[in-house]
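This report describes selected features of the model shown below. It turns to the packing of helices and strands, and then to individual side chains.

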Amino acid sequence: MSEAVGPEVETTPETETGAPGIATAATATILRDVTLRDGLQLTGKVLDIDHKVEIARTLLALGVPELEIGSMARPDLVPPMANSLELVRALSPEELQRCWVWVATPRQVTRAAEAGVRNFQYCLSVSDAHNKANIGRTAEDSVAAMPEAVRLAQEVGGRIQLCLATSFTCPFDGPVDPERVLGIAGDPRTRGAVDIVIADTLGQAYPGQVRDLIAAVRARNPERRILFHGHDTWGMGVANSLAALAAGADAVDGSLGGLGGCPFAPGASGNTATEDILFATRPDWFTPAALAALVEMTERLLGDLGEPNRSRTLQGARSEARAFEWVVPESA
């Protein structure tokens with residue numbers, strides 16, 4: 001989930017199958033697509049603005065409620081994010097109301113706000129080792145700076161999320177104590193956040209673990225939205241997303257084709273695929289026609305980036321099972 005900035009440098013009803021909880025989660029699912037930030041950050045290629053705008057507008061038009069579209073990370077450390085503010089300036093204020101931008105310091109909030117950003121995702125790692133590698137400071141330092149970030153966001157009429165990377169495991173220190181996650185989420189200095197994002201940065205969590213942590217965060221923060229950000233490193237991305245929704249998460253993150261990963265998280269692979277989450281949860285707007293549009297857009301994006309497809313739904317959509325309404329013919 002996280003992204004390197006370096007040290008601060010100015011530059012429960014039953015379903016028809018009888019499974020409890022899933023029907024409610026599916027019909028209420030809010031997917032946030034993170035292709036344009038977390039999805040792109042490890043690709044090594046800067047996607048041109050016209051292509052980014054096309055992706056953002058297509059996703060919003062299809063019905064994806066929210067997007068993560070860029071980052072204030074240092075462009076020398078994360079080159080694919082270098083044109084994030086250019087993308088912000090290309091979108092309308094109405095579109096930006098549904099878009100989030102990654103920040104890690106108050107100064108980054110200021111710079112993003114000047115470009116028109118109003119939804120800020122303030123990210124820090126629960127693990128000190130990862131926060132130092134990723135942001136250049138301890139988790140405590142990031143928490144201490146958050147009230148100023150909240151103030152700056154509120155001054156421009158904006159909203160700020162608290163994003164907690166490495167909420168389950170750290171690539172350097174191993175397992176993360178859930179109480180540390182709960183402590184940061186409940187710290188008075190982070191109370192200005194409207195949402196809490198719980199991130200399985202390495203994709204090493206399993207459904208029971210996700211269920212328990214999301215339920216605990218939900219219980220202690222009833223007034224705030226809870227989001228789950230998962231990676232599919234160990235094949236648990238969709239299962240973990242469903243577990244999070246059933247445990248009370250309001251939204252889950254995904255990226256087209258399963259793109260993504262953290263530059264400072266050895267062993268992490270791509271995000272849970274947007275297509276796989278949607279096929280599993282079936283929000284009202286997600287139709288075979290919507291999937292066909294996503295398939296075409298994802299295949300073009302992966303081709304332009306030279307990246308492999310990690311979405312099983314995308315693979316299935318190109319199968320020979322023509323009698324299945326979700327199959328997308330090659331000519332589509």
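## Helices packed on the sheet

In this predicted model, helix α7 (residues 128-135) lies across β3 and β4 (119-125), and runs at about 125° to β4. Helix α9 (residues 178-186) also packs on the sheet, where it touches β4, β5 (159-165) and β8 (195-200). The direction of helix α9 makes about 165° with that of β5.

## The barrel

The sheet is a closed barrel of eight strands with parallel pairing, in the order β1-β2-β3-β4-β5-β8-β9-β10. On average, and with direction ignored, neighbouring strands of this sheet are turned by 30° against each other.

One of the pairings joins strand β2 (residues 66-71) to strand β3 (residues 99-103) in the parallel sense, over four bridges. Here Ser71 stands opposite Trp102 in β3.

## A buried glutamate in β2

Strand β2 also contains Glu68. This residue is buried, as its relative accessible area is 0%. The side chain of Glu68 has a polar contact with the side chain of Gln121, at 2.4 Å.

## Aromatic pairs around Phe279

Five aromatic pairs are present in the structure. One of them is formed by Phe279 and Phe324, which meet edge-to-face with 6.4 Å from centre to centre and 85° between the planes. Because Phe279 lies in helix α12 (residues 274-281) and Phe324 in the segment after α14 (312-317), this pair ties together parts that are 45 residues apart in sequence. Phe279 is partly exposed, with a relative accessible area of 26%, and Phe324 also counts as partly exposed, at 42% relative accessibility.

Phe279 forms another edge-to-face pair with Trp326, at 5.6 Å centre to centre and 90° between the planes. Trp326 is likewise in the segment after α14, so its pairing with Phe279 of helix α12 ties together parts 47 residues apart in sequence. Trp326 is buried, with a relative accessible area of 7%, whereas Phe279 is partly exposed.

## The wider cluster and Arg282

Ring pairs link Phe279 and Trp326 with Trp285, Phe286 and Phe324 into a cluster. The face of Phe279 is also covered by a charged residue: Arg282 lies over it, 4.2 Å from the ring centre. Phe279 thus takes part in edge-to-face pairs with Phe324 and Trp326, and has Arg282 over its face.

Notes:
Residues numbered from 1 in each chain as written. Predicted model: local features only at pLDDT ≥ 70, side-chain atom pairs only at ≥ 80, totals over all residues. Heavy atoms only, no water. Pairing = 2+ DSSP bridges. Helix = DSSP H or I, 4+ residues; strand = E, 2+ residues; numbered from the N terminus. Axes fitted to C-alpha atoms, helices over the stretch in contact; angles between N-to-C directions. Contact = heavy atoms within 4.5 Å. Buried < 20%, exposed > 50% of the residue type's maximum accessible area, 1.4 Å probe, protein only. Polar contact = N/O pair within 3.5 Å; in protein donor to acceptor, adjacent residues only side chain to side chain. Phe/Tyr/Trp six-rings, centres within 6.5 Å; stacked < 30°, edge-to-face > 60°. Lys NZ or Arg CZ within 6 Å of the ring centre and 35° of its normal.
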